[in-house]
Amino acid sequence: MYVSKCKYLFFACSLLVSLVSAQKNTQIETWLTNPSANVLFVKQPLSLSFSSKINNQQVIIVDDKQTFQSMDGFGFSLTGGSAANLIKMTPHARAAILRELFATDKNNIGINYLRISIGASDLNEKVFSYDDLPAGETDPDLKKFDLGPDKKDVIPILKEILKLNPSIKIMGSPWSPPVWMKNNKDTRGGNLLPEYYGSYATYFIKYIHEMRRQGIRIDAVTVQNEPLHPGNNPSLQMLAPEQALFVRDYLGPAFKKAGITTKIIIYDHNADRPDYPIQILNDTAARKFIDGSAFHLYGGKIVALADVHKAHPDKNLYFTEQWIGAPGNFAGDIPWHVENLIIGASRNWCKTVLEWNLASDAQYQPHTDRGGCDKCLGAITIDKDRVTRNPAYYIIAHAAKFVRIRSLRIQSNLLEGLPNVAFKTASGKKVLIVLNSSKEGKAFAIQYKGSSAVTQLPAGAVATYVW
């Protein structure tokens with residue numbers, strides 16, 4: 001018996017030693033963006049290695065035993081304007097940039113989440129819905145519903161993307177219902193008339209079904225893009241009590257009756273009003289139909305999202321939109337967006353982080369008149385077949401290439417001047433994204449399971465570490 005115990009202890013000690021040795025020999029890939037030196041998402045030639053030496057560095061400790069939300073993905077809004085610019089490219093040039101963006105092999109980024117507009121957004125050339133009628137006419141049974149202009153660009157582009165990445169998730173968001181459903185009969189602002197709540201719920205269902213017939217599965221819909229911003233073109237004002245009523249008595253029951261499994265996501269507006277989704281989720285009859293809440297960051301602070309999680313921890317959070325204003329500023333845009341979105345939104349429970357607008361042309365076109373965004377810089381600029389990669393391209397690349405669907409956010413401690421976020425992928429890899437938000441270079445160590453690797457980052461630089 002004593003000999004058996006000794007053999008067991010010897011085996012356990014040997015196993016522990018071999019595990020520690022394997023950890024020390026683990027190589028860490030580093031992908032660096034240093035805007036001031038024009039280093040943009042470049043894999044570094046030398047890998048880091050774990051060792052037991054720290055040398056009094058600041059230490060980011062990564063702990064994959066503490067897990068948080070699972071991730072759905074990082075990506076962009078594929079606006080009608082983005083699709084219109086892509087569809088004008090020659091097939092060969094378009095195939096090349098789509099492969100670079102969406103293919104999931106090691107040589108490409110593998111963007112894994114897209115948001116599209118239900119009908120036109122303000123980055124379409126013209127405003128439209130899927131049931132536009134002459135003034136004075138109505139169509140409560142939606143007999144004239146048609147995907148219309150989307151069949152010329154958005155749908156063909158999505159089909160090409162799905163061939164490259166069949167598992168990509170797609171979210172649909174409406175900017176406005178058909179004007180005949182609105183009290184002001186205008187594409188801008190106004191409110192949804194109560195007598196058309198049922199028709200508008202059917203509108204969502206028809207959209208999901210028609211897209212499915214095109215081979216495009218809509219994973220989630222938000223009820224209304226920016227419901228507190230009626231000045232956009234198109235847009236709709238929808239206050240929290242109205243949205244709660246629409247979801248509770250119309251959209252949710254209609255989805256259930258039709259067997260629709262597409263997620264319903266509420267709010268889809270700025271972080272300065274966490275009370276809006278909390279108020280809706282406090283309605284027990286409405287909340288049973290709701291998967292979660294979506295946010296932008298044109299107002300408020302990203303930490304406010306944690307208030308919604310705290311109030312309703314069983315409901316998901318999504319970050320769905322943030323623009324970069326033209327002409328763009330690499331040195332300012334990349335650190336701000338990485339800190340607030342890639343790191344901040346993820347650390348505050350978001351399952352997605354999406355930048356606004358995949359592509360524009362050199363004049364930031366197209367956009368609608370009377371309120372469309374005329375300074376929205378795409379992640380890429382398309383000039384015929386020439387492609388320019390802009391700040392949002394690199395911001396999303398730092399996460400999307402490595403943090404795919406079913407990755408888990410894991411614990412990592414925050415250090416002054418070194419905001420960071422960590423993930424564990426479905427295949428077991430660890431991903432740590434770190435920004436040096438200070439005004440000087442910083443040396444620090446990455447610690448994982450008792451072993452450490454020492455590295456450094458220039459001021460304003462961001463790095464993704466993968467092992």
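Contact means heavy atoms within 4.5 Å. The model discussed here is predicted.

Q: Leaving aside neighbours within four places in sequence, which residues is Arg-287 in contact with?
A: Start with the place of Arg-287: helix H8, residues 284–287. Now leave aside its neighbours within four places in sequence. Arg-287 is then in contact with Leu-281, His-312, Asp-314 and Lys-315.

Q: Is Arg-287 buried or exposed?
A: Buried means under 20% relative accessible area. Arg-287 has a relative accessible area of 19%. That value is under the cut-off, so Arg-287 is buried.

Q: Which side chain makes a polar contact with the side chain of Arg-287?
A: A polar contact is a pair of N or O atoms within 3.5 Å. One polar atom of the Arg-287 side chain lies 3.1 Å from the backbone oxygen of Leu-281, but that partner is backbone. The side-chain partner, at 3.4 Å, is His-312.

Q: How much space lies in the largest pocket?
A: The lining of this pocket has 19 residues. Closest to the centre are Glu-29, Lys-401, Phe-402, Lys-429 and Val-466. The space in the largest pocket is about 420 Å³.

Q: Which strand gives the most to the lining of the largest pocket?
A: The lining holds six nonpolar, six polar and seven charged residues. Three residues of the lining come from one strand, spanning residues 27–34. That strand is E1.

Q: How many charged residues are in the lining of the second largest pocket?
A: About 330 Å³ of space lies in this pocket. It is lined by 16 residues, and Ala-84, Asn-124, Glu-125, Lys-126 and Asp-153 lie nearest its centre. Five of the lining residues are nonpolar and five are polar. The charged ones number six.

Q: Which helix gives the most to the largest nonpolar core?
A: The core has 115 residues. Phe-74, Tyr-207 and Phe-246 touch the most other members. One helix, residues 197–213, gives nine residues to this core. That helix is H5.

Q: Which residues does Tyr-207 touch, not counting those up to four places away in sequence?
A: Tyr-207 is one of the core members that touch the most others. Set aside the residues up to four places away in sequence. What remains is Ile-116, Ser-117, Ile-118, Tyr-130, Phe-145, Leu-147, Gly-172 and Ile-218.

Q: How many residues are in the other core, apart from the largest?
A: This core lies apart from the largest one. Among its members are Ile-28, Leu-48, Val-62 and Tyr-448. Its residues number 21.

How values were computed
Residues are numbered from 1 along each chain as its sequence is written. This is a predicted model: local features need pLDDT of at least 70, side-chain atom pairs count only at pLDDT 80 or more; totals for chains, interfaces and linings use all residues. Side-chain values use heavy atoms; hydrogens and water are left out. On a 1 Å grid over the protein atoms alone, a cavity is a set of points where a 1.4 Å probe fits but cannot get out, and a pocket is an open set with protein on both sides within 12 Å along at least five of seven lines; lining residues have an atom within 4 Å of a point. Grid points are joined across faces, edges and corners, and a volume is the space filled by probe spheres set on the points. Helices (H or I, at least four residues) and strands (E, at least two) are DSSP runs, numbered from the N terminus. Ala, Val, Leu, Ile, Met, Phe, Trp, Tyr, Cys and Pro count as nonpolar, Asp, Glu, Lys and Arg as charged, and the others, Gly among them, as polar. Buried means under 20% relative accessible area, exposed over 50%, partly exposed in between (1.4 Å probe, protein chains only). A polar contact is a pair of N or O atoms within 3.5 Å; within protein, one must be able to donate a hydrogen and the other to accept it, and residues adjacent in sequence count only if both atoms are side-chain atoms. A nonpolar core is a set of buried Ala, Val, Leu, Ile, Met, Phe, Trp, Tyr and Cys residues joined through side-chain atoms within 4.5 Å.
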